[in-house]
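The two exercises below are meant to be worked through with the sequence and the model side by side. Try each task on your own before you read the solution that follows it.

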Amino acid sequence: MSSTDTIPMLPHTSHWGAFSAGWKDGRLQVRPHPNDPDPNPLIENFPEAIHHRARVTTPMVRRGWLENGPGPDLRRGVDEFVAVGWDEVLDLLAKELERVRDAHGPGSIFGGSYGWSSAGRFHHAQSQVHRFLNTTVGGYVRSVNSYSAGASGPLMPHILGALDDVSRRNVTWEQIVEHTDVVLAFGGMALKNSRVASGGVSRHVERESMQAAARRGCRFISISPLKSDMPSEAAFEWLAPTPGTDTALMLGLAHRLVSEGLHDRSFIDTCCDGWEIFENYLMGRSDGVPKSCAWAASICGIAETVLIELARSLAGKRTLVVIAHSLQRSEHGEQPVWMGAVLAAVLGQLGLPGGGYNYALGTLAHYGKRNNAVSVAALPQGTNGVEDFIPVARISDMLLNPGQPYDYNGQRRIYPHIRLAYWAGGNPFHHHQDLKQLAAAFRTLDTFVVHEIAWTATARHADIVLPCTMTLEREDIGATPTDPLFVAMHRIAEPHGLARDDYDIFCDLARRIGTWDAFSEGRDTRQWLAHLYERTRKGLLDLGLEAPDFETFWKREEMRVPQKDDDGGMLRAFRVNPTRSPLPTPSGKVQISSAVIAGFGYADCPGHPAWLPPTFKPDAQHPLWLIANQPHSKLHSQLDFGGHSRSTKRQDREVCTMHPAAARARGIREGDIVRIFNEVGACLASATLSQDMLESVVQLPTGAWYDPAYDALGRPMCAHGNPNVLTRDIGTSSLAQGCAGQLSTVQVERYNGALPAIRAFEPPPAR
Ligand SMILES: Nc1nc2c(c(=O)[nH]1)N[C@H]1C(S)=C(S)[C@@H](COP(=O)(O)OP(=O)(O)OC[C@H]3O[C@@H](n4cnc5c(=O)[nH]c(N)nc54)[C@H](O)[C@@H]3O)O[C@H]1N2
Ligand SMILES: Nc1nc2c(c(=O)[nH]1)N[C@H]1C(S)=C(S)[C@@H](COP(=O)(O)OP(=O)(O)OC[C@H]3O[C@@H](n4cnc5c(=O)[nH]c(N)nc54)[C@H](O)[C@@H]3O)O[C@H]1N2
Ligand SMILES: [Mo]
């Protein structure tokens, strides 16, 4: 079967939803799942992407590495590549893995390999690389937490419980439609975001749910610098605070509620711990500063009267407080997450149907859904012989500061000395901050190995680049724990060029190192799929339901599994009976303040939620806030070269949005190319103007592939519009050390120089 034949539409799925695909007249066709009420347009990135010249076609080795062997090298990222056959490249890599393991131990290998890769359960690239390193070289230094929830992940267990129990197994959209009076959404609930889910969903219900709730009378309030963060179907009210000031805003609301006796004392008494310390701070008894609405207004920029009215209107209502992931992806990101929970507790709403606190609801399609009654198997990762880890966003710090100490969640840890980094399924030149520094960090390695479908900047900075198949080129099982549809992901196309599945690459490497049995367990891909599927089949059998065997599932193309009659999860159970179902916190209650965190003694994360002014805020040189949020035209950097993503660019650049007044003050008009800059770096973008945002903000989404170039004055910049050349590589705090990439401070000017061509999608120089 050649990929240009006309074939019937076959089932597949992606993080952006279930769909089917087939070929007509040599062009890939995609069609959303027929039951999806609001399909995600991101599937339209596939047709042009599948055979785009940005794909990696053959194994490549960086010339300097091939000629001089492993070692730190300033040419990483600028060197040319040499095409090498599969046998030869795998021989070289197997030898290098053995050398590093024998000379420095597996604790010198970084296999954190953060990233979303693709939706199938078996070809999940991170699981593949972790299993490979565990079974083949004895382990690796791993990363903990995520870029999504870098601050909330470590914080949540201190105050409520596991992150997933507060985000994923909590309030459902069905409950909001039925019960909620007020949704107070910090960071909004943008449909662009909630149509994405790790593992993919088959039905995108957010739009219709907001519409149905609003029609019933539910009041949606979007608190965000950008009006576009909530859809019109929610008929919402919009409040635009200064970025990074939500904690002050919430403190103001809480102060007013307490001042007027509108707080739920009995809930606080029975279900909360550490109230008094917090109340002393809130009312100004401990620091002389009452956190009144007037005080909050002076920080967040929303009028005192508006805050007072808002506070009063929440009391006694079934109110749901939602904090988007974005709020905690910045300096002191722990604070709004904690304060959101405290505000919900003050209102006495935690654990009530459709009320309380659901962290990050509306930021991803797998939140706000019921949970499946049968589980989805994951590829087992084996045992990691190395205990060392880093908080995921400390990658540059680790590589640049081996042996140096750092704080994390009450521990004083030491950065390991990494010689070899192995990446499969992620793009650090997308996800990390301060890309100039990241490039310098990767240059310290002996060897950098990357499996990629395309020539991302990460691949360009590697020594060994192994071309892997993209999702459409292999078989898999698509499923996520909060969507009832399991999809038999059929192969739609033959591998591009010499690309191979990550799994097959690892099998051949393991064979060379003598660990094939341990890695593969003797199974090929089909056998693994059947093996992983068994868990689901057994789950169905245990429930006494029809449990088709793998072959039948594969032929049926999809399968609907039963879901649990969710009733609000951990928080509901706690609310119903706090003694029988205590929270997994030190007190078994909501930690309004935390003796544990206070005991860490961190000035940047004290023992109760607090307003901590940012270190970096707009000044004369960098007067604007940069919001570097998720792109609407793609998932992260994936398929940026696809048709849908490219159709949203102008003059091939990413589009940034500015307020007309801010633009006018700088002589910038609609469609002008602008240079956005600060002390970290600079990039170009095409400016579009919008009234629906704060004047003090410029918004540039993430996702444009890093395209280093120089302006006429010889200053480095990204010619394409990757905002991570402008973000600072700082942790959220000593507690979580999370990613702080959402916000930065910048200046913007019209760019009058010659426009460099975009080279990000051209393969690097090779011979
Ligand atoms: N400034 C700023 N930065 C941010 C954020 C922000 O808000 N602001 N958001 C952060 C967040 S929340 C996240 S989650 C991260 C996302 O960061 P990443 O998850 O690293 O971004 P992706 O572009 O999804 O990277 C996935 C990579 O895997 C590759 N890939 C796809 N399929 C396969 C496969 O089968 N095998 C292999 N080997 N590779 C494959 C893709 O081509 C792509 O390059 O970004 C973070 N970065
Ligand atoms: N289309 C698309 N959807 C995605 C993704 C994608 O890459 N593309 N990525 C997915 C992933 S991995 C994740 S983790 C989620 C991320 O979900 P989020 O992190 O919540 O998403 P963002 O779009 O980065 O941010 C949401 C909004 O928060 C607002 N905001 C920023 N700073 C502040 C602030 O200080 N205060 C307030 N009140 N608002 C602020 C911004 O206006 C921004 O548009 O999205 C997921 N959905
Ligand atoms: Mo994320």
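**Exercise 1.** In this predicted model, find which side chain makes a polar contact with the side chain of T447, and decide whether T447 is buried or exposed.

*Solution.* Begin with the side chain of T447, which makes a polar contact with the side chain of W65 at a distance of 2.9 Å. Next, place the residue in its element: T447 belongs to strand β18, which covers residues 447-452. Then list the contacts of T447, leaving aside neighbours within four places in sequence; these are W65, P70, R76, E96, R419, L420, A421 and D463. Finally, consider the relative accessibility of T447, which is 0%, so the residue counts as buried, given that buried means under 20%.

**Exercise 2.** Describe the surroundings of ligand 2, and explain why it lies between two domains.

*Solution.* Start with the 30 residues around ligand 2, of which K192, D229, G244, D246 and H636 come nearest. By class, the residues of this shell divide into 13 nonpolar, twelve polar and five charged. Now turn to the backbone: a backbone N or O atom of H636 lies 2.8 Å from an oxygen atom of ligand 2, while for a polar backbone atom of Q630 the distance to an oxygen atom of the ligand is 3.2 Å. The protein covers 99% of the 910 Å² of accessible area that ligand 2 has on its own. As the last step, note that domain 2 (157-371 + 569-597) and domain 3 (624-750) both give residues to the shell, and therefore ligand 2 lies between them.

Terms used. Residues are numbered from 1 along each chain as its sequence is written. Chains are lettered from A and ligands numbered from 1 in the order in which they are written. This is a predicted model: local features need pLDDT of at least 70, side-chain atom pairs count only at pLDDT 80 or more; totals for chains, interfaces and linings use all residues. Side-chain values use heavy atoms; hydrogens and water are left out. A residue is near a molecule or strand if one of its heavy atoms lies within 4 Å of it. A polar contact is a pair of N or O atoms within 3.5 Å; within protein, one must be able to donate a hydrogen and the other to accept it, and residues adjacent in sequence count only if both atoms are side-chain atoms. Accessible areas come from the Shrake-Rupley method with a 1.4 Å probe; for residues, only the protein chains shown count as cover. Ala, Val, Leu, Ile, Met, Phe, Trp, Tyr, Cys and Pro count as nonpolar, Asp, Glu, Lys and Arg as charged, and the others, Gly among them, as polar. Domain bounds come from an automatic or database domain assignment. Helices (H or I, at least four residues) and strands (E, at least two) are DSSP runs, numbered from the N terminus. Buried means under 20% relative accessible area, exposed over 50%, partly exposed in between (1.4 Å probe, protein chains only). Contact means heavy atoms within 4.5 Å.
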